[in-house]
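Here is a set of exercises to work through with the structure open beside you. Try each task before reading its solution.

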Amino acid sequence: MTALLASPARRPGRRAGPAGRVDWWAFAMIAPAFIGLAALYLWPFLSTFFKSFMDIPAFGPGEFNGVKNYTNLVGDDAFWRAFRNSALYTALVLIGIPIAIALAALIQQISRGRGIYRVLFFLPVVTLPVAVGMVWRFILNGDFGLFNWVLSLLGLPGQYWVADDRFTIFAFAVVGIWMGLGINLIILGAGLQGIPEELYEASSLDGAGRIRQFFSITLPLLTPTIFFVTVITVISALQMFDLVFIMLGSINNTALAGSKTIVYLFYEAGFVQFRQGYAAAIAVVLLVVIMIVTAIQFRLQKKWVVYD
Amino acid sequence: MTSLSLRTVAASSRHRARRRGEWRVHAILIVAALLMIVPFVWQILTSFKTNLEVSSLPPTLSPADPTVVGYETFFVSVPFWAQFTVSAVSLIMRVIGQVIISALAGYAFARLRFPGRNILFALFLLMLMVPSQLFMLGQFELMKGLGLLNTLPALAIPGVFSAFGVFLMRQAFMTMPKEYEEAARLDGAGTLRTFWSVMLPMARPMIAALAVLTSLYAWNDLLWPLIVTPAGNARPLTVGLAAMQGQFGTDYPALMAGALICTAPLVIVFLVLQRQFFEGIASSGLKG
């Protein structure tokens, strides 16, 4: 998905190899990839669809039960709670995009030290998400966490960020933004590199200041990249699992029940409770949700993305 | 000529204008960068504190009485080297397997003519768009059927095959000039020879990017290892660290020490191969 979106930026060469001649070596070269694709992706994909219409006990063969898994899902409060949590998390994580745009534009402005900033902002990306979750669980601790202490210095009341399900999703979002900033920064930085310098020179001659240049040149020309970053951010946010598992799940935190995301529910149904049919239905619903949200974004892009 | 010199003047004056205001930009960036690294600094400081000091109010900044008890607890309670080996070996298996398989298929899709090419490639693209959870039930079943649960191959095998890798390598081969290939053919080199000794070396930058992205993903992956190592054997560091947290949920110095040690290998690789990381991300936008 992601690379597909990026493809317009690069110009592929001519499509065919030596004209006219079929090269049978091609099949040998594709065979390993295709066998893997068929066995580990195509077949599991189809079997997930079948399973979503089946009742599968932990042991023994399953049996067809129509749309029962889906009707159960619709009637399950836990599912709607997870759906709401994932939606809220995704919406909140989008706040990271304007932050990344501002930082990318600032980094573009400076003449020295770009590399150092990039490295510093990228560090969370190469940190184990498990470690990230552990560190932030500690920082956001309600009793002696660093974050509440900083809030108290500012005269603000602290909260049990990772122990009260009214706040957990917000806590995940802070961590999610922190973790994703480095990636967005690099992609947006590459987009900024692609804006021709002449445009700035011309507008400088017209007397445009840097702020005006940002809004009249940088931002419009960056919209294709911003669109791309938004799409991949939404897709990955809708699949968030790690933070729930690390910050609440693996330690049996009582706030877990109200803080599960769609993928957490999938993991629990499929691999803890072994309700495979139900888990399959959750996965299919996730696919449909991602497809709808992405399609809507592609629809809306016509209204704000500038293509030249 | 005139327009050229005008442009140079404009460019240099713009450059000077930039320089003058630059300290303000640096000020903002430094504050932002500090905010970004606070969690790391706090993690390092905490790892040298005692468990008592960690829960004191107000929090102490630097350890009052620096100790390595946290690190000792971590190494005693987590089989670090065994799990490190699992993480590293499965990462290497995934990277090597994926690069070879993706490069072969990517080259065929980009440069060779054969019946069914478009349909086959469309299948790969289709799988690229599906979230990974849709494959997990079936992949788990397959690993279980092959008796591979709780083994290294179960961790590595699904990651060896990647529609994304095939796509990336196809893009790389498509952008290459055809002349080299045609010259090799004229010299009598066959398909495999042309691929191996002419085209593959030219694809090195993209291979590096793919290898780096695969490493990042393999090292950080949690959900799949969690699923295929139910018995606790052949666990990678991610699962081991999570399990340690379940056991020592409130021993923060030990947890911070463990998180630090498990993160360090990839951070070191990143610091050495920065350019490949950035190029990989910029060329593909892979997330998580």
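The exercises below go from confidence, through the fold and the chain contacts, to single residues.

**Exercise 1. Decide where to trust the coordinates**

Task: Find which parts of chain A and chain B have the lowest and the highest confidence.

Solution:
- Step 1. Start with the whole model, which is predicted. The scores are ipTM 0.86 and pTM 0.88.
- Step 2. Take chain A. Its mean pLDDT is 88, with 93% of the residues at 70 or more. Helix α1 (residues 2–6) of chain A has the lowest confidence there, a mean of 43, while α4(A) has the highest, at 96. In residues 1–18 of chain A the pLDDT stays below 50, and this stretch has 35 contacts in the model beyond near neighbours in sequence.
- Step 3. Take chain B. The average pLDDT is 86, and 91% of the residues score at least 70. The lowest mean, 74, belongs to α1(B), and the highest, 95, to helix α4 (residues 80–111) of chain B. Residues 1–10 of chain B have a pLDDT below 50, with 4 contacts in the model beyond near neighbours in sequence.
- Step 4. Draw the practical conclusion: where pLDDT is low, the predicted coordinates should not be read in detail.

**Exercise 2. Sketch chain A**

Task: Describe the make-up of chain A in terms of helices and strands, its box and its buried residues.

Solution:
- Step 1. List the secondary structure: chain A has 14 helices and 2 strands.
- Step 2. Frame the chain along its principal axes. The C-alpha atoms of chain A fill a box of roughly 75 × 75 × 35 Å.
- Step 3. Look at burial and at sequence separation. Of the 308 residues in chain A, 41% are buried. For contacts in chain A between residues at least 6 apart in sequence, 68% join residues at least 24 apart.

**Exercise 3. Characterise a helix pair**

Task: Work out how helix α4 (residues 77–93) of chain A packs against helix α11 (residues 210–238) of chain A.

Solution:
- Step 1. Recall what is needed: two packed helices are described by the angle between their axes and the distance between the axes.
- Step 2. Give both values. The angle is about 145°, and the axes are 9 Å apart. The crossing of α4(A) and α11(A) is right-handed.
- Step 3. Name the residues in contact. Helix α4(A) contributes A:Ser86, A:Tyr89, A:Thr90 and A:Val93, and α11(A) contributes A:Thr233, A:Val234, A:Ala237 and A:Leu238.
- Step 4. Sort the residues of this contact by character: 5 are nonpolar, 3 polar and none charged.

**Exercise 4. Compare two contact surfaces of chain B**

Task: Characterise the side of chain B that touches chain A, then the side of domain 1 of chain B that touches domain 2 of chain B.

Solution:
- Step 1. Begin between the chains: 95 residues of chain B are in contact with 91 residues of chain A. Helix α1 (residues 2–47) of chain B gives the most to chain B's side, with 20 residues. That side holds 65 nonpolar, 21 polar and 9 charged residues.
- Step 2. Turn to the domains. The assignment for chain B gives domain 1 (2–71) and domain 2 (77–284). The centres of the two domains, taken over C-alpha atoms, are separated by 32 Å.
- Step 3. Count this contact: 11 residues of domain 1 of chain B touch 8 residues of domain 2 of chain B. On the domain 1 side, α1(B) gives the most, with 4 residues. The residues of that side are 4 nonpolar, 6 polar and 1 charged.

**Exercise 5. Classify single residues**

Task: Is A:Gly36 buried or exposed, and where do A:Phe274 and B:Asn150 lie?

Solution:
- Step 1. Place A:Gly36 in helix α2 (residues 25–51) of chain A. This glycine counts as buried because it has 22 C-beta neighbours inside 10 Å, and the cut-off is 20 or more.
- Step 2. Check the partners of A:Gly36. Leaving aside neighbours within four places in sequence, they are B:Ile101, B:Val160 and B:Phe161.
- Step 3. Before the other two, remember that most residues other than glycine have a negative phi.
- Step 4. A:Phe274 has a positive phi of about 55° and is found in the loop between α13 (262–272) and α14 (276–304) of chain A. With 13 other C-beta atoms within 10 Å, A:Phe274 is partly exposed.
- Step 5. B:Asn150 has a positive phi near 65° and lies in the loop between α6 (133–145) and α7 (152–160) of chain B. B:Asn150 is partly exposed, with 16 other C-beta atoms within 10 Å.

Terms used. Residues are numbered from 1 along each chain as its sequence is written. Chains are lettered from A and ligands numbered from 1 in the order in which they are written. This is a predicted model: local features need pLDDT of at least 70, side-chain atom pairs count only at pLDDT 80 or more; totals for chains, interfaces and linings use all residues. Two residues are in contact if their C-beta atoms, placed from the backbone, lie within 7 Å. Ala, Val, Leu, Ile, Met, Phe, Trp, Tyr, Cys and Pro count as nonpolar, Asp, Glu, Lys and Arg as charged, and the others, Gly among them, as polar. Domain bounds come from an automatic or database domain assignment. Axes are lines fitted to C-alpha atoms, for helices over the stretch in contact, and angles run from 0 to 180 degrees between N-to-C directions. A crossing is left-handed if the near helix is turned anticlockwise from the far one by less than a right angle, and right-handed if clockwise. pLDDT is the predictor's confidence in each residue, from 0 to 100. A residue is buried if 20 or more other C-beta atoms lie within 10 Å of its own, exposed if 12 or fewer, and partly exposed in between; C-beta atoms are placed from the backbone.
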